[in-house]
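Here are my notes on the model, set out as numbered points. Please read them with the sequence and the coordinates open beside you.

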Amino acid sequence: MSSPAPQVSVIKMYAAREEIYPREAKGRYASLRWICVWLTQLTFYGLPWLRWNDRQAVLFDLGARKFYIFGVVLWPQDFIYLAALLIICAYLLFLATAIAGRVWCGFACPQTVYTEIFMWIERKIEGTRSARMRLDKQPASFSKFGKKFAKHAAWGGVAIWTGFTFVGYFTPIGVLMQETANTTLGGWETFWILFYALATYGNAGWLREQVCKYMCPYARFQSSMFDKDTLIITYDEKRGKPRGALQKDLAGSSKSGDCIDCTMCVQVCPTGIDIRKGLQYECICCAACVDACNTVMDKVGFDRGLIRYSTENALKNNLSIKKIRQRALRPRVLIYTAILVTIVAVFFGSLATRSTLKMDVIRDRGSMGREVDDGVIENVYKLQIMNTDEMPHRYRIAVAGIDTIRIVSTSEVSLMSTESRAVPVRIQVDPGKGTRGSNKISFQLIALDTNQKPVKEKAVFFVPR
C-alpha cells in the first residue's frame, strides 16, 4: 500500500496587492499637506528658471565639473560641502523623527507629494472614492476608456514635465527647452527625462503605498529613533471602546464609546491601514485619519481628538499638551539639536570664509632638475590655478625658499570667471645656491585687483647631485 503524498505548504514571500481607494480628507492637516505640496513643487519646478549673474541660479554642470548654487560655485575639490549638506539633511530627519515621528513622510516626501498630486487628478477625472470603485467594476465601455485615458494622459504630462525639470538642473533649462523644440535633444538628456518621468509615473500612479511599505527603508528603521515621548498618530482606545453604532439613552448620553465604527479613518488612509489597531510601520503620519475622525466627531457632537497626534506616555499618563511639549526637550532631542547646530555653524562659517582662489603645484616628473647656462639650475612646474569667483581676476605668481630663486617664465596670469587653467612655470636658482637633492620652496599666488588673501602652496626644488 503506497503512502499518501506529502502535503506541500506554500509560503508567500510577498502579499498580493489589494487596490486602495483613499477617500479625500478635508481638515487642518490636509490643508497643511497641500501647503507642503505647493511649497515643494514651486521650489522644484521654479528654481531652474531663476537667473543669477546672467546664468541659471541652480545648475549642476557635470560636464564642466562645476556646481552653481546662487552666488556659490563649487568644484570637485569642494566635495566636502556636499558631504556636510547631506549630513545636515540626515540630522534634520533624525531630529524631526525623534520629535514628531514620520512627519517628513506624511507631508514633504516626494513620494507623498506626487501621490497627492496624482490622486487629485484621479479624483477630478474619475470622481469620488465610491465613483472610482464603481468605475473599476464596470465592464469595458467607451466612457470608461475615455476617463482612464484622460487620467493616464494627465499623469504622463505631469511625469514628463517632472523629468524635464529634473534634467534642467544638470543641463541649462533654456538650452534644454530649445533643443526639445528643435528636436535636437541629446541621447543622455532624453534617457534621463524619460527615466525620471517613468519613475514618477510608476511610483505615484501605480505603486503608491507599495513604495512606502516595501521599497522605502525608512519605514523599517524608523522605530530605532522613536521613544515613548515621540509624537505619533494615536487612537485613544480607552475613549473609543466599546466600538459600535451611535446609541443614546433617554437622557441623551452615549451608551457606547466615542468610536462609532464608521471606518472613515480607514477609508482616507493612503496606505490602507486601520489606525485603531495601534501604531504600524505602514503609517506615514499624514494625519488624514485625524481630519476624518475630527469631522465625524463634530457631526455626532463628541469632542475632537479620538484620533490625534500624541505620545505613548501622554496616552498612558493622561498628559496635557503643555506636559507633552515639556517632555519634547529630552536628551535625545537635545543631542541631535546640538550636533545639528554645530554642523550647520561650521558649514556656513567655512562657506563664508572659503577662498575663491585655488592652486595646486605639480612637478614635471620628466625633468627632476637640470643645468642651463653657466651652471644655473632650473626646475619646471605646472600650476593648476582655479578662479572660483564669478568675476575675472589678475594674479601674480611668486616663489620663495632658496636664495636667488626666481621665475623666468611669465609671472602674471589672468583668469576669466570660474576658469581653471594649467600654467607652466620655470624656476631657476644661481650656481651654488641650495643643497644638493631636495629643497623646500613655496609658491604664492597674489590677486592684483582684489584684496583677497594670497594662496600659498609648498613644493620641492631639486638640485642635481
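**Notes on the predicted model**

1. Arg-65 lies in the loop between β3 and β4. The model is a predicted one, and in it Arg-65 adopts a positive phi of about 55° although the residue is not a glycine. Most residues other than glycine have a negative phi. Arg-65 counts as exposed, because its relative accessible area of 58% is over the 50% cut-off.

2. A comparable check applies to Phe-70, which is placed in the loop between β4 and β5 and has a positive phi, near 55°, in a residue other than glycine. Is Phe-70 buried, exposed or partly exposed? With a relative accessibility of 31%, Phe-70 counts as partly exposed.

3. The strands that flank these loops belong to an open sheet of three strands in the order β3-β4-β5, with antiparallel pairing. The edge strands, each pairing on one side only, are β3 (58-61) and β5 (72-74), and the twist from one strand to the next averages 10°. Strand β4, residues 66-69, is joined to β5 by three bridges, and Phe-67 stands opposite Leu-74 in β5.

4. Thr-171 sits in the loop between α6 and α7 (173-181). Its relative accessible area is 15%, and because this is under 20%, Thr-171 counts as buried. Leaving aside residues up to four places away in sequence, Thr-171 touches Gln-56, Leu-59, Leu-176 and Glu-189.

5. How do helix α6 and helix α8 cross? The axes of α6 (residues 142-167) and α8 (residues 187-207) come within 7 Å and cross at roughly 135°, which means that α6 is oblique to α8. The crossing of the two helices is right-handed. Residues of α6 that take part in the contact include His-152, Trp-155, Phe-164 and Phe-166, while those of α8 include Glu-189, Trp-192, Tyr-201 and Trp-206.

6. Strand β6 (residues 232-235) is covered on both faces, with Ile-232 and Thr-234 buried on one side and Ile-233 and Tyr-235 buried on the other. In a regular strand the side chains alternate between the two faces of the sheet. The partner of β6 is strand β7 (residues 307-310), paired in the antiparallel sense over four bridges, and Ile-232 stands opposite Ser-310 in β7.

7. The peptide bond from Lys-241 to Pro-242 deserves a separate look, since it is modelled as cis, with omega near -10°. Most peptide bonds are trans. Pro-242 is found in the loop between α11 (237-240) and α12 (264-267).

8. The largest nonpolar core contains 25 residues, and those with the most contacts inside it are Ile-385, Ile-441, Phe-443 and Phe-461. Among the elements that give two or more residues to this core are β8 (357-363), β10 (377-387), β14 (419-429) and β15 (437-447). Another core, of 24 residues, lies apart from it, and Cys-36, Ile-273, Cys-283 and Cys-293 are among its members.

9. Four strands form an open antiparallel sheet in the order β13-β11-β15-β16, in which β13 and β16 are the edge strands, each pairing on one side only. Neighbouring strands of this sheet are turned by 30° against each other on average, direction ignored. Four bridges pair β11 with β13 in the antiparallel sense, and Arg-396 stands opposite Glu-412 in β13.

Conventions:
Residues are numbered from 1 along each chain as its sequence is written. This is a predicted model: local features need pLDDT of at least 70, side-chain atom pairs count only at pLDDT 80 or more; totals for chains, interfaces and linings use all residues. Side-chain values use heavy atoms; hydrogens and water are left out. Two strands pair if DSSP finds at least two bridges between them. Axes are lines fitted to C-alpha atoms, for helices over the stretch in contact, and angles run from 0 to 180 degrees between N-to-C directions. Buried means under 20% relative accessible area, exposed over 50%, partly exposed in between (1.4 Å probe, protein chains only). A nonpolar core is a set of buried Ala, Val, Leu, Ile, Met, Phe, Trp, Tyr and Cys residues joined through side-chain atoms within 4.5 Å. Angles under 35 degrees count as roughly parallel, over 145 as roughly antiparallel, 65 to 115 as roughly perpendicular and the rest as oblique. A crossing is left-handed if the near helix is turned anticlockwise from the far one by less than a right angle, and right-handed if clockwise. Contact means heavy atoms within 4.5 Å.
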